[in-house]
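Me: Hi! I've got a model open and would like to talk it through with you. Could you help me find my way around?

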Amino acid sequence: MQILARDYRTGTPIEITIVGETIQKITAIDSAQDLPFVAPGLFDLQVNGYGGIWFSDENLTVEQVLKTLKQHFQHGITHLFPTLITNSQGALEHGFSIIRKACEQEQWADRMILGCHLEGPYISSEDGPRGAHPIDHVRKCSWEEVEALRKASGNRIRLVTLAPESEGAVELIRQAVNSNIAISIGHTAATSEEIARAVEAGATLSTHLGNGAHGTLRRHPNYIWDQLGEERLAASIISDGHHLPASVVRSIYYAKGPARTILTCDASGLAGCPPGEYDYHGGRFEVLAEGPIVIAGQRQLLAGSGVQTDVCVAKMIEMTGCTLEQAWTMATTNPARVCGVQCASLTAGAQADLTLFDHSTETHQLNIRSTIAQGRTVFDCNSSHSDN
């Protein structure tokens, strides 16, 4: 396969030669054609599901996992962490075991899933920081539970989000880090001292900083300032244009810098669903016509995003003025580095996981033309089917 496109980093026209699953060579060319950009496939470390399917569902099936994964190709996503939120131990073990079985059944799925993200259940029980997580299953930290979940997943858990104030947090962080599991601080109401202890124990990330928080905080100190000012913590943000005002996105970006900012869509299992109200896990949620997903009955408390990572990249550029290369790095290399995994790259010798797209600086939109995974076209905007 040969691809003509513009390098997302420089805009230079290039020819990419793919042999089998690998990028054989990349050559600069002269071209007057209106070529799309080409970049490594996106990697999102926090995806809860899509199209009415939640990875946390206690009735999740292998077929549902595979269907959900495939739907992300249309958004230029070639790698992700399926994310399971606070639930009973039995439901979590089921979800992780089904993901493991999907990976064992389909090689492409195994390569797409770089790991799994356990978000909770070791989080704050307070309204606000808890977010949409069910309070009935919030509990103290247990390394034994994590070990059981890791076994169920086939050793795929690579990221755990927890609240530093949870009982047993410091010990769990140390054990997780020693087991090559990254720890992120999130859904927390921790004190400055509790956050400091978590970082000293090995926490390296803040989960969707600025969200999963109280509606009103003391001006200082507070757990957002504490994480924002901690240079050892990278920060993931949901840059969908709904979860955070542009001024907050800019503040986090300027504080952390392009190397320590990570973009995530935090897509809800209702992402891709038409507007309306939906029941899930004992809660009622609403997909609004303008895009956000909220806890039904109000318009302030969000319950995950309704868009994918490609939209977050475009909105990040619009809100901060960062370059396309910087925004793309925040959705590929940065999360992979923090979690200790290898994502796609636009280099000779790398696995051919690529996204071709158009990006308008006038409308601030990013439109995916096609996605290539493992050397095959898995999404083409001009085709009615994908080749998996």
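Me: Let's start with the voids. How much space lies in the largest cavity?

Reply: Happy to help! Keep in mind that this is a predicted model. The largest cavity holds about 80 Å³ of space.

Me: And how many cavities of 30 Å³ or more does the structure hold?

Reply: There are 2 of them. The second largest cavity has about 30 Å³ of space.

Me: Back to the largest cavity. Which residues lie nearest its centre?

Reply: T188, L209, N211, G212 and Q227 lie nearest the centre, out of 15 residues that line the largest cavity. Helix α7 (residues 223-228) gives the largest share of that lining, with 3 residues.

Me: How does that lining divide into nonpolar, polar and charged?

Reply: The lining of the largest cavity has 5 nonpolar residues, 10 polar ones and no charged ones.

Me: OK, and what lines the second largest cavity?

Reply: The residues there are D240, H242, H243, G291, P292, I293, G304, S305, G306 and V307. By class, that lining comes to 3 nonpolar, 6 polar and 1 charged.

Me: Now something open to the outside. What volume does the largest pocket have?

Reply: The volume of the largest pocket is about 1,200 Å³. Three elements, α7, α8 (246-256) and β16 (283-287), are those that give two or more residues to its lining.

Me: Which residues lie nearest the centre of that pocket?

Reply: Those are G128, G131, N211, G212 and L302, from a lining of 50 residues. N211 and G212 were also named for the centre of the largest cavity. As for classes, the lining of the largest pocket splits into 21 nonpolar, 24 polar and 5 charged residues.

Me: You mentioned β16. Which way do β15 and β16 run, parallel or antiparallel?

Reply: Strand β15 (residues 276-280) and β16 run antiparallel, and 5 bridges join them. Y278 stands opposite F285 in β16. The hairpin has 2 residues between the strands, and H281 takes a positive phi near 55° there.

Me: Nice. Switching to the open sheet, in what order do its strands come?

Reply: The order is β5-β8-β9-β10-β11-β12-β13-β14, so 8 strands with parallel pairing. At the edges are β5 (42-47) and β14 (261-263), each of which pairs on one side only.

Me: How many bridges join β5 to β8?

Reply: 4 bridges join β5 to β8. V47 stands opposite P82 in β8.

Me: What does α2 pack against?

Reply: The buried residues of α2 pack against β8 (77-85), β9 (116-119) and β10 (157-162), as well as the helices α1 (62-71), α3 (107-112) and α4 (143-152).

Me: And which residues of α2 are the buried ones?

Reply: They are Q89, A91, L92, G95, F96, S97, I98, I99, R100, A102 and C103.

Me: How far does the helix reach from its first C-alpha to its last?

Reply: Helix α2 (residues 89-105) reaches 24 Å over its 17 residues, close to the 24 Å expected at 1.5 Å a residue.

Me: Last one, about D7. Is that residue buried or exposed?

Reply: D7 counts as buried because its relative accessible area is 8%, under the 20% cut-off. The residue sits in strand β1 (residues 2-7).

Me: Which residues does D7 touch?

Reply: Leaving aside residues up to four places away in sequence, D7 touches T12, I14, F37, V38 and L346.

Terms used:
Residues are numbered from 1 along each chain as its sequence is written. This is a predicted model: local features need pLDDT of at least 70, side-chain atom pairs count only at pLDDT 80 or more; totals for chains, interfaces and linings use all residues. Side-chain values use heavy atoms; hydrogens and water are left out. The expected span of a helix is 1.5 Å times one less than its number of residues. Buried means under 20% relative accessible area, exposed over 50%, partly exposed in between (1.4 Å probe, protein chains only). Contact means heavy atoms within 4.5 Å. On a 1 Å grid over the protein atoms alone, a cavity is a set of points where a 1.4 Å probe fits but cannot get out, and a pocket is an open set with protein on both sides within 12 Å along at least five of seven lines; lining residues have an atom within 4 Å of a point. Grid points are joined across faces, edges and corners, and a volume is the space filled by probe spheres set on the points. Ala, Val, Leu, Ile, Met, Phe, Trp, Tyr, Cys and Pro count as nonpolar, Asp, Glu, Lys and Arg as charged, and the others, Gly among them, as polar. Two strands pair if DSSP finds at least two bridges between them.
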